[in-house]
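Work through the exercises below with the structure open. Each task is followed by a solution in steps.

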Amino acid sequence: MKTHKTALTTLVFAALICAACMAFSASALAGEDGVATTDSDKIVKSVGGEPGKSDWRFPAPFTFYPRGPGYVRMSLLFDTLTWKDANGVIPALANGWKVSDDGKTWTFYLNTDARWHDGEPFTASDVKFTIEYMQEQEGAFKWFESIDYIESVEIVDDYTIIISLNEPMASFLVDIAGNIPIIPEHIWSGVSDPSKFTDDDAVIGTGPMKLVEYSSAEGAYHYEANYDYYNGKPIVDEFITMAVSNAAASLTNGDVDEATFWGSDVDAVNDFVGDDDFEIITGPSFWVLQIIFNCDADKGYPTNNVTFRRAVAYGIDREEIVEQKLGGGGMVANTGILHPDAIWYNPDCEGYEYDVTAANAMLDSLGFIDTNSDGIREYPAGGDLKFTLYTTSTYLREGELIQAQLEKIGIAIELTPSDWTTIDSYLKAADFDMAISGHGGIANPQIMNLPDWPASTYDSEEYNSLFKEQEVTLDIDDRKDLVNQLQELVAEDLPVYTLYHPYIWCVFNPEVLDTWFYTRDGICIGIPIELNKLIFLARYGDANENGKINMQDVTAIERMIMELDDPTDMADANKDENINMLDVTCVELTILGRAPIRCE
C-alpha cells in the first residue's frame, strides 16, 4: 500500500483491525525471513517478533492492536501535542503551553511548520476535530478513554488552542497531550466508522515516517522517511520491522540491524557482550507478567474470594519461576504492579513469600478439603477443586511450574495455551478462572485504573475513590502517597498476583544506526520499547546531524559562529534563522535537561 506526500502558570517553550490482508511486493520481501531489499541509501531493519507473533494490526489511530507495540508502530506516522525523549516530556505538535492555576485550562501554541503527509497544513482545527471526533466515537477504542477529561476545545487562532478539563488531571501532558494522535480533519471528517477505515488516507499523519506497505500475514511494516518533517531531519531513508525466526542469528548474519531481547533471552544477549560489531543497551522493562483472577461476583467463584486468592499466592513460588524460566533475566515483581525503577514504586507491599502451610490453612478455612485422599481438594458442595489456567505458548513454562506448585496444596490446574487475542477476549468477557498475562506501562500510575487489565472484574469502591483522587492531585508528594495506597490495596486484594519483571536489552549494529534509547518512564503512557520515533531524527540543535544532542553539538555551533565551519540549518536550535550564542545556550540547556528541544 503506497501512501501520499505530520501552581502551574509557567509558559513552556520548546524544544487495529485490518479489513483486508495487504502484502509486500516481491521486491520488498526478497530476502530470507522477509528481509527487504531496496536501493535507498539508509535502510534500518528491526526484529518485530517471531513468525505469527509480530502483527500488531493496521497502524492507524483506531485500528492498531491496543498493546504497546501496536501503538508504537502507529506513532511513527502520527504525532501528538507532546512527546517524550530519554529525559521526559518535550514539545511535538505543540511548541509550548501554559496551564491555569487550577490545572483545568491548558493553552497550546502549535507548530506552524507541521504539514500532513499529503502536503495540507496542520492547524488548530485538526486538534479540535481530533478531540471531538474521539469523544463522539466513545467506546470505539479504549486506548484513548482518558479523553473524557476534556470538557471543551476552543480555537484562538490557527496555531493557538485552549483545552478545558472538567477537573484537573495531574498526568495530562503524558496521558492526553502525549497520547492522543492528532488526525487530519480533511480526511477523517467523512469517516463514520473509524474501526473499518484502512484506506491509504487512514495513515496520513504528521509523523517522521510514512507507511509504504503493511503485511498482516507477514507481520511486517515498511516505512519511508518524511523528508518534510517539521521537527528534525530524518537520518534514515527507510525503516522495516518484520518477523524473524531467530533474532540473534539474524543479527549475526546481518539480516537485521537491531533486536530486542527479554528475560529468558539473557544467554543470547551475553553472546553479544564483547563483540565489537554490536552494542547493547539495557533498559527497565516497565513490564510485568502476572496471574489475573476472575473477581466477578457472579462468574468468579471461588477466585472472587480474597482469602482464596491469597492462598493461591502463598502456594506459588515466584523465586523458583524466576530462576527456572529467566535464569537471571528478571526479578520477582512488585505485588503492587508498578516497577521498582518507577518514581511511584512502593517498596512496602505484601510479598507473599512461598508458604505452603499458610496456603493450606486458608484453603481449609474455606471448606476446601481433600475428602477422598487423592491429593486434590473438593468444593464444599462436592467436585474437584480444578481450574483452567490460560496462557500463551511463550509463558507455557511458567504455567507448568504454577501447575506443579498448586498441585502441592491440592488445587488441580488444567493448563490451556492460546494466543493473546483469544485470551484478551476471555478476560474482557469475564469468561475465565485464571490467566497468565503481561503488559507494560507500569511506570505510570494511570495503568492502575484497571489493575486487572485487560480484564475488568475487580471492583472496589475504596480503590476507585483512591484512583480518582490521585488523578486530580497536582502536588506530587500528595499524589505519590495516594499511589502508594493503590499499590498496597492491589497487594492486599490481589485481583492479580504479579510474577516477575523481566530485564530488557536492545542489541544493535551501530554502523547502521546508533541512536537507540529507552524512553524515560516508557513511550507515551509507559510503553517499554526502544522504538521511539526520535531515533530516526537529527533534531534542531543536533549540529553534526548524528541523531544525538550533546557537547559535540555545542562545539559545532560555537565553531560555526566563529566562522570556522559552514553553517547548517540543524545548528539553528531556536529556529530564528540566525546561528548565534542563543543557539549555543539552547543546546547547552537541552544537554543539561534544563530546556526542551526548541528554544524560541
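**Exercise 1. Cysteines**

Task: Find how far the sulfur of Cys-295 lies from the closest cysteine sulfur, and decide why no bond forms.

Solution. Step 1: The closest cysteine sulfur to that of Cys-295 belongs to Cys-349, at 17 Å. Step 2: A disulfide requires two cysteine sulfur atoms within 2.5 Å, so the sulfur of Cys-295 is too far away for a bond. Step 3: The model is a predicted one, and a search of the whole structure returns zero disulfides. Step 4: Cys-506 is likewise in no disulfide, its nearest cysteine sulfur being that of Cys-524, 20 Å away.

Task: State whether Cys-295 and Cys-506 are buried or exposed.

Solution. Step 1: The cut-off for buried is under 20% relative accessible area. Step 2: Cys-295 has 12% relative accessibility, so Cys-295 counts as buried. Step 3: Cys-506 has 0%, so Cys-506 counts as buried too.

**Exercise 2. Domains**

Task: List the domains of the chain with their residue ranges.

Solution. Step 1: The domain assignment places domain 1 at 2-33 and domain 3 at 288-504. Step 2: Domain 2 is given in two segments, 43-248 and 509-537. Step 3: Domain 4 covers 539-591.

Task: Describe the contact between domain 2 and domain 4, starting from which residues take part.

Solution. Step 1: Domain 2 contributes 12 residues and domain 4 contributes eight residues. Step 2: The C-alpha centres of domain 2 and domain 4 are 27 Å apart. Step 3: About 820 Å² is buried between domain 2 and domain 4, with 47% of this area on carbon and sulfur atoms.

Task: How many salt bridges cross the interface of domain 2 and domain 4?

Solution. Step 1: The rule accepts a Lys or Arg side-chain nitrogen within 4 Å of an Asp or Glu carboxyl oxygen. Step 2: Lys-548 and Asp-514 form a salt bridge, with 3.4 Å between their closest N and O atoms. Step 3: The total across the interface is three salt bridges. Step 4: On the side of domain 2 that touches domain 4, five residues are nonpolar, three polar and four charged.

Notes:
Residues are numbered from 1 along each chain as its sequence is written. This is a predicted model: local features need pLDDT of at least 70, side-chain atom pairs count only at pLDDT 80 or more; totals for chains, interfaces and linings use all residues. Side-chain values use heavy atoms; hydrogens and water are left out. Domain bounds come from an automatic or database domain assignment. Contact means heavy atoms within 4.5 Å. Buried area is the accessible area (1.4 Å probe) that two parts lose on being put together, summed over both. Ala, Val, Leu, Ile, Met, Phe, Trp, Tyr, Cys and Pro count as nonpolar, Asp, Glu, Lys and Arg as charged, and the others, Gly among them, as polar. Buried means under 20% relative accessible area, exposed over 50%, partly exposed in between (1.4 Å probe, protein chains only).
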